[in-house]
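Student: I would like to learn how to read a model of this kind, feature by feature. Where should we begin?

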Amino acid sequence: MKNWKKTSLLTAIVLLLVLFSVFYLFKMSITIPSSDIEFSPGSDLSSIKLEYSAAKPKNIVLFIADGMGFSHLSLAMHAHQSKNEPSVWNEFEIKGWHDARSYYGPLTDSEASATAIATGTATNFGHIGIDKDGKALKSLFEMASDLQYTTGIVTDSYIWDGTPAAFIAHTRNEDDARDILTQIAESNLNLIFGELEDLGEDDVPEKDETLEILSRRFQLLDRSLEIPSGDNLSKPIAAIFNEDEVQDVSSTPNLTQLTQVALKYLLLQDKPFVLLVECEEMDAASHENDSNRVVQGLKSIQETLSFVLDFSRKQGETLVVFTADHETGGLAVVADFDNYPKTQIKWATKDHTAAVVPLFADGPGAEYFANIHRNWEIGERLKKMVHLDTSQGKDDSKIKLGQELTNPEN
Ligand SMILES: [Zn+2]
């Protein structure tokens, strides 16, 4: 009996080692070159049936609050209600939710969910800009660049983080920072603001190499964040900060300031634009079950959103879509019976949950984002929105749906 157990254990260990080696070799061998990408067909956008006719937005600002669920939102709203203050959340014309999923089910990670939002196609955990089989998917940003949009990314996380990377890069290896940075430098992206992280560890290059890679495409701004003028105005820009330097509203710079500079730069280009703003704080804080950091992060999100909505209202041609990639922490706001009617935060987990997450929209085209149920439907609609041809017909301010729309992958 003892020998039998020993043999079984050894067999199991050998099998596990073989499986691990095969998995590792496979993972290493499928790194996708950033040039000559043969894109997966993904979903056929021409098959989306939409009963919709309204003004097509010139610009799109997509705000992704990583890890933010409805309880995070409730916490933010309660804080305003207790002070009788107006809340930015009430200002959105469209308020709904979506089911943040991976290809295989109701749980997801940032890479899979951001890829769904960026490309309109569900994919597997850890997949950045590729479908479940590893084939590259054309992203909203890549399509927008083809159509002469200017594109930008602002994040309070590191610049090769899975969420922004899904809009630019195509890889199965979320940890290969050098590859993601190289793909960013070889893309058509016009602006990137974010942080450095884990310099010199594993596949993460040191700061000098990171800046060298980025400077192949971008003019690197200094801390003044002064936008270049003259002939340099039209050239791509990057602003790179140290790890955890972009924190909450009190940090310099903060997410709001970076977003302000980004919108100023994009407006100056005098072209339609798509801007992604990512706030990582809800995810980072919720993985640690750090309630105070959640509260600080919510302030950062709200302040930045207030600015973006104000910009959209004044500018008049900018759609704002706010959402999350998944919920983190299973946060619950419950009664604090020792200090009633005060509330307290409880956590169910330090991981992601399968909870549905907020999806809000405002500005021209906002109604297009009502009644969405899956994360990839956001990507489908964003891609279709930039692709819509308004150049024909009597009223070119109207989106023409159900006609002449060909699959943009062709
Ligand atoms: Zn997470």
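Student: What arrangement do the four donor atoms around the zinc ion have?

Tutor: Some conventions come with the case. This is a predicted model, in which local features need pLDDT of at least 70 and side-chain atom pairs count only at pLDDT 80 or more, while totals for chains, interfaces and linings use all residues. Residues are numbered from 1 along each chain as its sequence is written, and side-chain values use heavy atoms, with hydrogens and water left out. Donors are N, O and S atoms within 2.8 Å of the metal (3.2 Å for Na, K and Ca), and sites may look incomplete because water is not among the atoms. Four donors are tetrahedral if all angles lie between 85 and 135 degrees; four are square planar and six octahedral if opposite donors are over 155 degrees apart and all others between 65 and 115; anything else is irregular. Here the angles subtended by the four donor atoms run from 55 to 150°, which makes the arrangement irregular.

Student: Which protein atoms are the donors of the zinc ion?

Tutor: D283 appears twice, each time through an OD atom, and H287 and H352 each give NE2. These donors lie 2.1 to 2.4 Å from the zinc ion. The sequence spacing of the donor residues is D-x3-H-x64-H. D283 in helix α9 (residues 281-287) and H352 in strand β12 (residues 352-353) are 69 residues apart, so the pair links distant parts of the chain. Helices (H or I, at least four residues) and strands (E, at least two) are DSSP runs, numbered from the N terminus.

Student: Is D283 buried or exposed?

Tutor: The scale is relative accessible area: buried is under 20%, exposed is over 50%, and partly exposed is in between (1.4 Å probe, protein chains only). D283 has 6% relative accessibility and therefore counts as buried. A285 lies in helix α9 as well, and at 0% relative accessibility A285 counts as buried.

Student: What is A285 in contact with, beyond its neighbours in sequence?

Tutor: Contact means heavy atoms within 4.5 Å. Leaving aside neighbours within four places in sequence, A285 is in contact with D290, R293 and V294. The C-alpha atoms of A285 and V295, ten residues apart along the chain, are 9.3 Å apart.

Student: How does one read a pair of helices, and at what angle do α3 and α11 cross?

Tutor: Axes are lines fitted to C-alpha atoms, for helices over the stretch in contact, and angles run from 0 to 180 degrees between N-to-C directions. Under 35 degrees counts as roughly parallel, over 145 as roughly antiparallel, 65 to 115 as roughly perpendicular, and the rest as oblique. The axes of α3 (residues 110-119) and α11 (residues 375-387) come within 5 Å and cross at roughly 30°. That makes α3 roughly parallel to α11. On the α3 side S113, A116, I117, A118 and T119 take part, meeting N375, W376, I378, G379, L382 and K383 in α11. By class, this contact has six nonpolar, four polar and one charged residues. Ala, Val, Leu, Ile, Met, Phe, Trp, Tyr, Cys and Pro count as nonpolar, Asp, Glu, Lys and Arg as charged, and the others, Gly among them, as polar.

Student: At what angle do α2 and α10 cross?

Tutor: The axes of α2 (residues 70-82) and α10 (residues 291-315) come within 10 Å, crossing at roughly 80°. That makes α2 roughly perpendicular to α10. H72, L75, A76 and H80 of α2 make the contact with V294, V295, L298 and Q302 of α10.

Student: How many residues of helix α6 are buried?

Tutor: Eight of the nine residues in α6 (residues 177-185) are buried. They pack against α5 (162-165), β4 (191-195) and α7 (207-215).

Student: Which backbone details deserve a check?

Tutor: Cis peptide bonds and positive phi values are two. A cis peptide bond joins T252 and P253, with omega about -5°, and P253 is in the loop between β6 (237-241) and α8 (255-268). D202, not a glycine, has a positive phi of about 45°. D202 lies in the loop between β4 and α7 and is exposed, with a relative accessible area of 78%.
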